[in-house]
Amino acid sequence: MMERIKWYRIEADKQAMKTLQERSDAKGLLQAGSQLLAVVATGGLCFWAFHHLAWPWIVVAFFLHGTLFAFLSPAAACHELSHGTPFKTKALNEFFYHLFSFLTWNNPVWFRISHTEHHQNTLHDAVDQEVVLPARFGAMEWIKAFTFNVPGAPRGLWVHNILPWYIKHSLGIMTSEWDRRLFDDRPKKKQELVVWARIILFGHLALAALFIALGQWILIPILLLPFYGCWLSLVVGIPQHAGLQDNVPDFRRSCRTVKQDGFTRWCYWNMNYHIEHHMYAAIPFHNLPKLHEMLKHDMPVPCKNLAAAWKEINATLKRQKTDPEFYFDSFTRS
């Protein structure tokens, strides 16, 4: 068993931090509810376009739907909900977490445990396999991001296809070293994992059969397999850790904070404040901008926008092809 990492955390006023930790049903409902309504609206647009418009407009509608739908997944909504911080009422948090998990083929038991390990051991070799550096994101990944990204859609660990993963988990078969590390010593959680794998697998199959029986097969790609056009979730999500330093007990060096516009911050549940989120994961998404202001005196300068972040990432990934040990030092950013 690896000794718990002693993470560096910027000291902050205890009373102010206590205030920032306050959860809000109203703010949680506004965020989760507005995202759900947006996806319902784009899904309805896809359905209407399919029955009434020419194919180019159908493609546009589905692309928009896929773009927004991707943020219900661990890319944003399921990620923050897995922490249990958005809502004051636990039942509301769990309702949206499990609903969004079902819709996005994300096993809520698997992801919550995996993501806890990620936070406790961020980017430390062997003990954090949710995010492994150096990152690899080439032309094929971009093609999938703008078209279909089935292998990467269900969860952050992009190594398994959907059906094989769920079929094996529904039978209690762990599919990787990471799965076994997470669940071999957690028999109760493993059983919960199996139950949820079956709920997601057979629930989707039952809905698919229903849609076909109703003569509305188009609902399958709209509601059950919307793994297309996920480009924006990757554009805002990959900068979390790509090109940064691993095996270091300092979130300021292993995570990246990027200034973003209001729309992408809404899509992304403010996870662009990623150093802050890792340093104090108990702070709800809606208070991360305030936490940033409180801690910025001892933080690297944040990337001024997404374009600057990707310029930084691309230069680093290019260098890492010949020097895998190289990483970008966020404190050199001006």
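Helices are DSSP runs (H or I) of at least four residues, numbered from the N terminus; helix α14, which spans residues 262-268, is named on that basis in the first view. All views show a predicted model.

**View 1. Phenylalanine 263 and tryptophan 266 in helix α14.**
The structure holds nine aromatic pairs. In the pair shown here, the ring centres of phenylalanine 263 and tryptophan 266 lie 5.9 Å apart and the planes meet at 35°, so the pair is tilted. Both residues belong to helix α14, and because they are three residues apart, about one helical turn separates them. Phenylalanine 263 is partly exposed, at 44% relative accessibility. Tryptophan 266 is also partly exposed, with a relative accessible area of 23%.

**View 2. Tryptophan 269 and phenylalanine 285, a tilted pair.**
The ring centres of tryptophan 269 and phenylalanine 285 are 4.8 Å apart, with the planes at 55°, so this pair counts as tilted. The pair links distant parts of the chain, 16 residues apart. Tryptophan 269 sits in the loop between α14 and α15 (274-279), and phenylalanine 285 in the loop between α15 and α16 (288-295). Tryptophan 269 is buried, at 0% relative accessibility. Phenylalanine 285 is buried too, at 5%.

**View 3. Glutamine 31 and its contacts.**
Glutamine 31 is part of helix α2, residues 25-52. Its relative accessible area is 8%; the residue is therefore buried, the cut-off being under 20%. With neighbours within four places in sequence set aside, glutamine 31 is in contact with Trp266, Trp269 and Phe285. Of these partners, tryptophan 266 appears in the first view as partly exposed, while tryptophan 269 and phenylalanine 285 are the buried pair of the second view.

**View 4. Phenylalanine side chains and a charge over a ring.**
Phe87, Phe95, Phe96 and Phe100 form one aromatic cluster. In a separate panel, the charged end of arginine 319 sits over the ring of phenylalanine 326, at 4.0 Å from the ring centre.

**View 5. Cysteine 78 and cysteine 255, without disulfides.**
The structure holds zero disulfides. For cysteine 78, the closest cysteine sulfur is that of cysteine 230, 15 Å away; this is too far for a bond, because a disulfide needs the two sulfur atoms within 2.5 Å. Cysteine 78 is buried, with a relative accessible area of 0%. Cysteine 255 is likewise in no disulfide, and the nearest cysteine sulfur, in cysteine 303, is 13 Å away. Cysteine 255 is buried as well, at 0% relative accessibility.

**View 6. The crossing of helices α6 and α10.**
Two packed helices are described by the angle between their axes and the distance between the axes. The axes of α6 (residues 108-120) and α10 (residues 187-213) come within 7 Å and cross at roughly 135°. The two helices are therefore oblique to each other, since only angles over 145 degrees would count as roughly antiparallel. On the α6 side, the contact is made by Pro108, Val109, Trp110 and Ile113. On the α10 side, Lys189, Glu192, Leu193, Trp196 and Ile200 take part.

**View 7. Positive phi at tryptophan 105 and asparagine 247.**
Tryptophan 105 is not a glycine, yet has a positive phi of about 55°. Tryptophan 105 lies in the loop between α5 (90-103) and α6. The side chain belongs to a buried residue, with a relative accessible area of 5%. Asparagine 247, also a residue other than glycine, has a positive phi near 55°. Asparagine 247 is found in the loop between α12 (231-237) and α13 (251-254). With a relative accessible area of 37%, asparagine 247 is partly exposed.

**View 8. Glutamine 260 and its surroundings.**
Glutamine 260 is placed in the loop between α13 and α14. The residue is buried, at a relative accessible area of 13%. Not counting residues up to four places away in sequence, glutamine 260 touches Val236, Arg265, Tyr268, Asn272 and Leu306. The C-alpha atoms of glutamine 260 and cysteine 303 are separated by 9.1 Å, although the two residues are 43 residues apart along the chain. Cysteine 303 is the residue whose sulfur is nearest to that of cysteine 255 in the fifth view.

Conventions: Residues are numbered from 1 along each chain as its sequence is written. This is a predicted model: local features need pLDDT of at least 70, side-chain atom pairs count only at pLDDT 80 or more; totals for chains, interfaces and linings use all residues. Side-chain values use heavy atoms; hydrogens and water are left out. Buried means under 20% relative accessible area, exposed over 50%, partly exposed in between (1.4 Å probe, protein chains only). Contact means heavy atoms within 4.5 Å. Rings of Phe, Tyr and Trp (its six-membered ring) pair if their centres lie within 6.5 Å; planes under 30 degrees apart count as stacked, over 60 as edge-to-face and the rest as tilted. A charge sits over a ring if NZ of Lys or CZ of Arg is within 6 Å of the ring centre and within 35 degrees of the ring normal. Axes are lines fitted to C-alpha atoms, for helices over the stretch in contact, and angles run from 0 to 180 degrees between N-to-C directions. Angles under 35 degrees count as roughly parallel, over 145 as roughly antiparallel, 65 to 115 as roughly perpendicular and the rest as oblique.
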